[in-house]
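Reader: I am new to this structure and should be grateful for a guided account of it. Please take one part and examine it closely, explaining each term as it arises.

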Amino acid sequence: MQDPAASTVIKVTGASPAENYDVVVGRGLLPRLPGILGERVRKVLVIHPRALRATGDAVREDLAAAGLTALTAEIPDAEEGKHIQVAAFCWQVLGQNDFTRSDAVVAVGGGAVTDLAGFVAATWLRGVKVVHIPTSLLGMVDAAVGGKTGINTAEGKNLVGAFHPPAAVLADLDALATLPENELLTGMAEVVKCGFIKDGAILDLIEANPEAVRDPGSAVVRELVERSIAVKAEVVSADLKESGRREFLNYGHTLGHAIELAERYQWRHGAAVSVGLVFAAELSRMVGRLDDATADRHQAILASLGLPVSYRRDRWAALLDGMKRDKKARGDLLRFVVLDGPGRPGILEVPDTSLLFAAYQEIAE
Ligand SMILES: NC(=O)c1ccc[n+]([C@@H]2O[C@H](COP(=O)([O-])OP(=O)(O)OC[C@H]3O[C@@H](n4cnc5c(N)ncnc54)[C@H](O)[C@@H]3O)[C@@H](O)[C@H]2O)c1
Ligand SMILES: O=C(O)C(=O)C[C@@H](O)[C@H](O)[C@H](O)COP(=O)(O)O
Ligand SMILES: [Zn+2]
């Protein structure tokens, strides 16, 4: 049995040894931030939404006590924060306070905040240090790790961004205590994704512990966090810029992102990915690549977590339109991550959208 007070370090390998970084999972981690930032950093912009003000203040106090100048950019919540005008506001704060290349950005919040803050750090002076302090389950298991940063545009999700890995990630499990249950469960969609593409023990844990998965303080949730980060860390260490295997982390996302756009970002990312996972499993089954039991297991596990597993029949045209802007598409060719079996993701090229329509009929309501 793991000592609950001990922290776990999951290592991510960067393009060069200087770009290697640690993802630390544990409790009471915030005081480690000044030490992680290092001697050269003099100024820090802490970016967070109003909901995370108390944590943002605590982080700033730690930084100030360590002799750093700590400023705050309070940004709009959730997807409202992933907007060019919000990035421009942060650039303005950095500019007006003379942030140089040896200064840093710290993100405190869910995946929307780490995406936005990472993008700000990637673009300010063409790149300054960023440390992520994810506070949602989804942020911990996925968004804060791997260096994908970005914002949404009117045309779609994450269409503008950069690869800019963090200097470190502090996944402080204490943050989950204030996370609403719905946010915990939507984060579980990415955990389930990791279970299907790589680590089947994740799926077994969720099925065997229906109550503990809803308890953010449980050892089960901690194990799910650590296992999911390990899946992501292994993939992004091998393929940071998505020239190959990293595409597998996009399982469920082609339809998922189209649903988010169709819903004007009023659905949580994890909820949309949940439907996208069921769709991708149906597609995999329909083309004869996935067995019935594994395909059906998608719907069963996601539904057991209270996540949506179907979507509106009358939205197909809008969804197809949105899917054409998926980053995996090449010209007119749509490309999907599918499964050839548990832990065996692959790519399906779809030149004819009638196949997609047929698979969609299986999940449409
Ligand atoms: N860069 C990547 O690799 C990557 C991976 C997965 C998802 N994402 C992105 O992450 C975003 C989704 O992340 P999310 O689900 O964390 O959504 P989110 O950041 O919108 O947070 C969800 C809600 O939870 C609140 N919240 C967060 N932590 C809290 C806490 N500890 N206590 C109380 N409230 C808290 C937020 O204020 C928000 O209202 C999407 O934009 C998605 O595209 C990025
Ligand atoms: O890290 C990745 O790579 C992923 O695909 C993880 C996804 O969960 C995440 O939502 C990511 O932001 C999607 O990337 P995108 O390139 O499709 O915008
Ligand atoms: Zn995702």
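Author: D98 counts as exposed because its relative accessibility is 54%; the term exposed applies over 50% relative accessible area, buried under 20%, and partly exposed in between, computed with a 1.4 Å probe on protein chains only. D98 sits in the loop between α3 (84-96) and β5 (104-109). Helices (H or I, at least four residues) and strands (E, at least two) are DSSP runs, numbered from the N terminus. The phi angle of D98 is near 55°, a positive value in a residue that is not glycine. Most residues other than glycine have a negative phi.

The model is predicted: local features need pLDDT of at least 70 and side-chain atom pairs count only at pLDDT 80 or more, while totals for chains, interfaces and linings use all residues, and side-chain values rest on heavy atoms, with hydrogens and water left out. Residues are numbered from 1 along each chain as its sequence is written, and chains are lettered from A and ligands numbered from 1 in the order in which they are written.

R264 also has a positive phi, of about 50°, although it is not a glycine. R264 is found in the loop between α9 and α10 and is exposed because its relative accessibility is 69%. The two helices that flank this loop lead to the part chosen for the close look, the zinc site.

The protein donors of the zinc ion (ligand 3) are E190 through OE, H253 through NE2 and H269 through NE2, at 1.9 to 2.1 Å from the ion. Donors are N, O and S atoms within 2.8 Å of the metal (3.2 Å for Na, K and Ca), and water is not among the atoms, so sites may look incomplete. Along the sequence, the spacing of the donor residues is E-x62-H-x15-H. E190 lies in helix α6 and H253 in helix α9 (residues 253-262), so the pair ties together parts that are 63 residues apart in sequence.

The record agrees on these residues: an unreviewed UniProt entry lists E190, H253 and H269 under "binding site". These three residues are spread over 80 residues of sequence, yet they cluster in space, with a largest C-alpha distance of 10.0 Å. UniProt positions are given in the numbering used here, feature names are shortened, and annotations may be inferred rather than shown by experiment.

Each donor may now be placed in its surroundings. E190 belongs to helix α6 (residues 181-197) and counts as buried because its relative accessibility is 1%. H253 is buried as well. With neighbours within four places in sequence left aside, E190 is in contact with L138, V141, D142, H253, H269 and V273, where contact means heavy atoms within 4.5 Å. Two of the donors, H253 and H269, are thus among the contacts of E190.

H269 is found in helix α10 (residues 269-286). H269 is buried because its relative accessible area is 14%. Apart from neighbours within four places in sequence, H269 is in contact with L138, K157, E190, H253, H257 and E260. With E260 there is also a polar contact, side chain to side chain, at 2.7 Å; such a contact is a pair of N or O atoms within 3.5 Å, and within protein one must be able to donate a hydrogen and the other to accept it, while residues adjacent in sequence count only if both atoms are side-chain atoms.

Another contact of H269 is H257, a residue of helix α9. H257 counts as buried because its relative accessibility is 12%. Not counting residues up to four places away in sequence, H257 touches K157, N158 and H269. K157 therefore appears among the contacts of H257 and among those of H269. The C-alpha atoms of H257 and R313 are separated by 17 Å, and the two residues are 56 residues apart along the chain.

Helix α10 also contains S284. S284 is buried because its relative accessible area is 0%. Its contacts, not counting residues up to four places away in sequence, are R289, L290, V338 and L339.
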